[in-house]
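Subject: Handing over the structure

Dear colleague,

I am passing on the structure below, together with some notes on what I found in it. Please read them with the structure open beside you.

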Amino acid sequence: MNSKSTFLIKDVFITESLQQRAPKRIDHERARTALVDLASEMSRDPEAVLPRYVDIALRETGASSAGLSLNEEPHCFRWRHTRGVLWELEGGSTPRNDSPCGIVLDRNQPLLTRYPERLYDCLAGICIPELLLVPLHIGSEKPFGTLWVLSDREPYFDAGDAQLLQDCAVFVAAALKARQGLARRGANNNDSPLNPNGGLAKWQERRAKELIAARLSDKLSVPEVAAACGLSPSHFTRAFRKSTGLTPYQWLTERRVERAEALLLRDVDLSLSDIAVSCGFADQSHFTRVFKAVVGKSPGALRRSA
């Protein structure tokens with residue numbers, strides 16, 4: 001965190017306000033029933049229930065955005081299952097030691113912040129009137145991420161919202177652990193995918209596509225994606241092609257071209273070289289060559305014809 005005045009820090013971290021505000025009318029019984037009902041599907045397809053738990057948090061709190069921030073890498077959090085107004089930030093990252101999520105993991109307790117972008121450079125450009133976060137953990141284990149909701153106005157969140165979010169977090173953490181367990185079993189079961197036709201299981205295909213799509217501009221390797229699915233790289237590549245008809249690299253290329261096409265038509269002020277970098281191409285020349293091979297015309301020609 002940058003050096004800021006004590007006054008600003010106190011103005012950003014306002015968790016004590018949760019208990020001081022009059023509670024909204026949240027139907028906690030309805031929310032808990034929805035959480036428990038989803039739990040019956042968790043062992044079969046934990047990946048599928050994760051976004052639905054986030055949806056419950058978003059709906060029941062009346063927030064404008066919600067999502068998970070998972071400490072998947074040593075020094076950063078990845079935004080997963082992002083819902084609402086911040087959906088475009090899916091797959092983005094924030095530093096482990098310079099973000100509200102890091103504070104939550106260090107304290108292992110809920111945190112309410114007011115305009116945290118004033119303290120954290122990683123949130124610059126986002127208007128966050130209030131952000132409520134709770135830790136994700138199993139029992140007494142160390143937390144490994146956060147479930148968060150964002151409000152587009154303040155004051156908004158209260159103790160009832162914090163309790164509902166903590167209830168959701170219990171099930172989210174269990175689903176994440178169940179997903180890890182399935183991945184480990186897949187890796188230990190002669191390295192075979194869970195789909196009997198030789199392709200990926202539904203949760204593996206969803207996880208692979210989600211991970212690839214979230215990191216189009218990164219140097220994401222096949223071994224990383226395979227590990228997330230509990231498979232060796234060679235077996236993952238075969239199973240992915242069986243399920244999608246494409247190799248992982250071909251699928252990645254198609255997504256990069258799709259994103260580039262959207263940027264070309266939407267952000268006319270972006271240069272071709274900027275688009276190339278943001279979509280994961282080596283340079284403008286590489287971008288132009290691949291784009292023309294897939295779309296049938298160059299990026300410049302597409303933009304001029306729009």
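Helix H5, residues 100–107, lies across S1, S2, S4, S5 and S6, and the helix runs at about 40 degrees to S5. Please keep in mind throughout that this is a predicted model. H5 is mostly covered, since six of its eight residues are buried, namely Pro100, Cys101, Gly102, Ile103, Val104 and Leu105. These buried residues of H5 pack against S1, S2, S4, S5 and S6. Just after the helix comes Asn108, which takes a positive phi of about 55 degrees.

The sheet that H5 lies across deserves a description of its own. This open sheet has six strands in the order S3-S2-S1-S6-S5-S4, with antiparallel pairing. At its edges are strand S3 (93–95) and strand S4 (111–113), each of which pairs on one side only. From one strand to the next, the twist averages 25 degrees. As general background, strands of a sheet pair through backbone hydrogen bonds, either parallel or antiparallel.

Going through some of the pairs in turn, strand S1 (residues 65–73) and strand S2 (residues 76–84) run antiparallel and are joined by six bridges, with Ser65 standing opposite Gly84 in S2. The connection from S1 to S2 is a hairpin that passes through two residues. S1 also pairs with strand S6 (residues 145–151), again in the antiparallel sense and over six bridges, and there Leu70 has Gly145 of S6 as its bridge partner. S6 in turn pairs with strand S5 (residues 130–136) in the antiparallel sense, over seven bridges, and in this pair Val134 has Leu147 of S6 as its bridge partner. Helix H4 (residues 46–61) packs on the sheet as well, where it touches S1, S2 and S6, and its direction makes about 65 degrees with that of S2.

One residue that you may wish to look at is Phe144, which lies in the loop between S5 and S6. Is Phe144 buried or exposed? Its relative accessibility is 19%, and because the cut-off for buried is under 20%, Phe144 counts as buried. Leaving aside residues up to four places away in sequence, Phe144 touches Leu70, Asn71, Leu105, Leu136, His137, Ile138, Ala173, Leu176 and Lys177. Among these are Leu70, which has its bridge partner in S6, and Leu105, one of the buried residues of H5. Ala173 is 29 residues from Phe144 along the chain, and the C-alpha atoms of the two are separated by 8.7 Å.

Beyond the sheet, there are two helix pairs to report. In general, two packed helices are described by the angle between their axes and the distance between the axes. Helix H3 (residues 28–39) packs with H4 at an angle of about 175 degrees, and their axes are 11 Å apart, which means that H3 is roughly antiparallel to H4. On the H3 side the contact involves Arg30, Ala31, Ala34, Leu35, Leu38 and Ala39, which meet Val49, Arg52, Tyr53, Ile56, Arg59 and Glu60 in H4. By class, the residues of the contact of H3 with H4 are eight nonpolar, no polar and four charged.

The other pair consists of helix H7 (residues 202–214) and helix H9 (residues 233–244), whose axes come within 11 Å and cross at roughly 100 degrees, so that H7 is roughly perpendicular to H9. Here Glu205, Ala208, Lys209 and Ile212 of H7 make the contact with Phe236, Phe240, Ser243 and Thr244 of H9. The contact of H7 with H9 has four nonpolar, two polar and two charged residues.

Finally, some values for the chain as a whole. The secondary structure of the protein chain comes to 13 helices and six strands. Its radius of gyration is 21 Å, close to the 19 Å that the globule rule gives for 306 residues, and the chain is therefore as compact as a globular protein of that length. Along its principal axes, the C-alpha trace spans about 60 × 50 × 35 Å. Of the 306 residues, 49% count as buried, and among contacts between residues at least 6 apart in sequence, 59% join residues at least 24 apart.

With best wishes

Conventions:
Residues numbered from 1 in each chain as written. Predicted model: local features only at pLDDT ≥ 70, side-chain atom pairs only at ≥ 80, totals over all residues. Heavy atoms only, no water. Pairing = 2+ DSSP bridges. Helix = DSSP H or I, 4+ residues; strand = E, 2+ residues; numbered from the N terminus. Axes fitted to C-alpha atoms, helices over the stretch in contact; angles between N-to-C directions. Contact = heavy atoms within 4.5 Å. Buried < 20%, exposed > 50% of the residue type's maximum accessible area, 1.4 Å probe, protein only. Parallel < 35°, antiparallel > 145°, perpendicular 65-115°, else oblique. Nonpolar A, V, L, I, M, F, W, Y, C, P; charged D, E, K, R; others polar. Rg over C-alpha atoms; globule rule 2.2 N^0.38 Å.
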